[in-house]
Amino acid sequence: MAFQTSAPDTVQYRDTRPKGQLWWRQIGWRHVVAVALIIYAVFPLIFALSTSLNPGGSISGSSKLFQNVDLANFKKLFAETDFPSWAMNSIIICTVTALGTLLMGASAAYAFSRFRFRGRHGALTSLLIIQMFPQMLAFVAIFLLLLSLGDVFPIIGLNQILGLIAIYLGGSLGSNTFLMYGFFNTIPRELDEAAKLDGCTHAQIFWQIILRLVLPILTVVGLLSFVATYGDFIIAKVVMQANDKFTIAVGLYQWASNPRAVPWSLFAAGAIIAAIPVVILFLFLQKYIVSGLTAGSVKG
């Protein structure tokens, strides 16, 4: 016996997308604003790239974009200037500072989040209050401190990378501890208790369990620390006073400090090269940034 099956009913979808003036009022103007903002943001980058490729060496000669294209400025940058040593100093200082910030901040945040001890609330409040004062208040004290320490321990005195790293680590400890403290509180304590029942020590819990669960906030703090240190000028200028000890920010400022003889093409080429590490870091770590910032800021 044969069964006849009826054809399935076709579903008719109605096009509800706005059209005409309604489309312009709801969507169209946003495209115009977005395009204007993109042009506003990208034009300085295009102008800097055009200036870096212009062998003329002046801003007036770069008024027409990409009129002359030559890599001479980039070759001169690495062959005839101290830019390679400035770049190496910046990479070393920023990398060590970011790693040290993560280690110190994560240890402090774990202690404040998991342990209850006398003075805990007061210490947290003190860290918050200290961050309210602008860092420039300490510049004179930092200079005199490094000057005195350099007489006893030359490795952490003025013009020393280790001394500058120590200052950055001390300055960033409070805010990063608070940022990570909120994220650590979102990790259930039952994990710690279960690990203790299995015989884990506090060090094993911290290194093998907790740090893996707080990877987003570690990524955010490490990235922010690297970028802030990379772009810092004032503290690096106070501590590093020898030309071969400059960071990229201080070295480029030296070129731009004389308004009558600024090598703008060389300056633009240095700025383009200096932006590459930060761009790579953002592209590589962008998937952790939003989750790390939001989780650490709304829970505590």
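Which helix gives the most residues to the lining of the largest pocket? Keep that question in mind while orienting yourself in this predicted model; the tour moves from the whole chain to the two pockets, and then to two buried sites.

**The whole chain**

Begin with the full protein in cartoon view, where twelve helices and zero strands are to be found, so that, read along the sequence, the pattern is α-α-α-α-α-α-α-α-α-α-α-α, given that helices and strands are taken from DSSP runs. If you then colour by accessibility, buried residues make up 33% of the 300 residues. Switching to a surface, you are looking at about 18,700 Å² of exposed area, of which carbon and sulfur atoms supply 67%. Among the contacts with a separation of 6 or more, 70% are accounted for by residues 24 or more positions apart.

**The largest pocket**

Next, select Gln131, Gln135, Tyr168, Gly171 and Ser172, which lie nearest the centre of the largest pocket and belong to a lining of 25 residues. Helix H4 (120–130), helix H6 (161–184) and helix H9 (215–231) are the elements that give two or more residues to this lining. The opening question is answered here, since H6 gives the most, with nine residues. The space in this pocket comes to about 620 Å³, and its lining residues divide into 13 nonpolar, eleven polar and one charged.

**The second largest pocket**

Move on to the second largest pocket, which holds about 330 Å³ of space. Select Ala98, Leu99, Leu102, Leu218 and Gly222, which are the closest to its centre among the 17 residues that line it. Two or more residues of this lining come from each of helix H3 (83–114), helix H8 (202–213), H9 and helix H12 (264–298). Colouring the lining by residue class shows 14 nonpolar residues, three polar and no charged.

**Cys94 on helix H3**

Stay with helix H3 and select Cys94, which is found in that helix. Is Cys94 buried or exposed? With a relative accessible area of 1%, Cys94 is buried, because the limit for that class is under 20%. Leaving out residues up to four places away in sequence, show the side chains that Cys94 touches, namely Phe226, Thr229 and Tyr230. A distance drawn from C-alpha to C-alpha between Cys94 and Thr229 reads 5.7 Å, although the two residues are 135 residues apart in sequence.

**The salt bridge**

For the last stop, select Arg114 and Asp192 and display their side chains as sticks. Side chains of opposite charge can pair when their charged atoms come close. The structure holds one salt bridge, and Arg114 forms it with Asp192, the closest N and O atoms being 2.8 Å apart. This pair links distant parts of the chain, with Arg114 in helix H3 and Asp192 in helix H7, 78 residues apart; helix H7 itself covers residues 189–197.

How accessible are the two partners, and which residues does Asp192 contact? Arg114 counts as buried at 9% relative accessibility, and Asp192 also counts as buried, at 5%. To see the surroundings of Asp192, add Tyr110, Ile205 and Ile210 to the view, since these residues, together with Arg114, are in contact with Asp192 once its neighbours within four places in sequence are left aside.

Definitions and conventions. Residues numbered from 1 in each chain as written. Predicted model: local features only at pLDDT ≥ 70, side-chain atom pairs only at ≥ 80, totals over all residues. Heavy atoms only, no water. Helix = DSSP H or I, 4+ residues; strand = E, 2+ residues; numbered from the N terminus. Buried < 20%, exposed > 50% of the residue type's maximum accessible area, 1.4 Å probe, protein only. Contact = heavy atoms within 4.5 Å. 1 Å grid on protein atoms, 1.4 Å probe; cavity = no way out; pocket = protein on both sides within 12 Å on 5 of 7 lines; lining within 4 Å. Points joined across faces, edges and corners; volume = space filled by probe spheres on them. Nonpolar A, V, L, I, M, F, W, Y, C, P; charged D, E, K, R; others polar. Areas by Shrake-Rupley, 256 points an atom, 1.4 Å probe, with all protein chains shown as cover. Salt bridge = Lys/Arg side-chain N within 4 Å of Asp/Glu carboxyl O.
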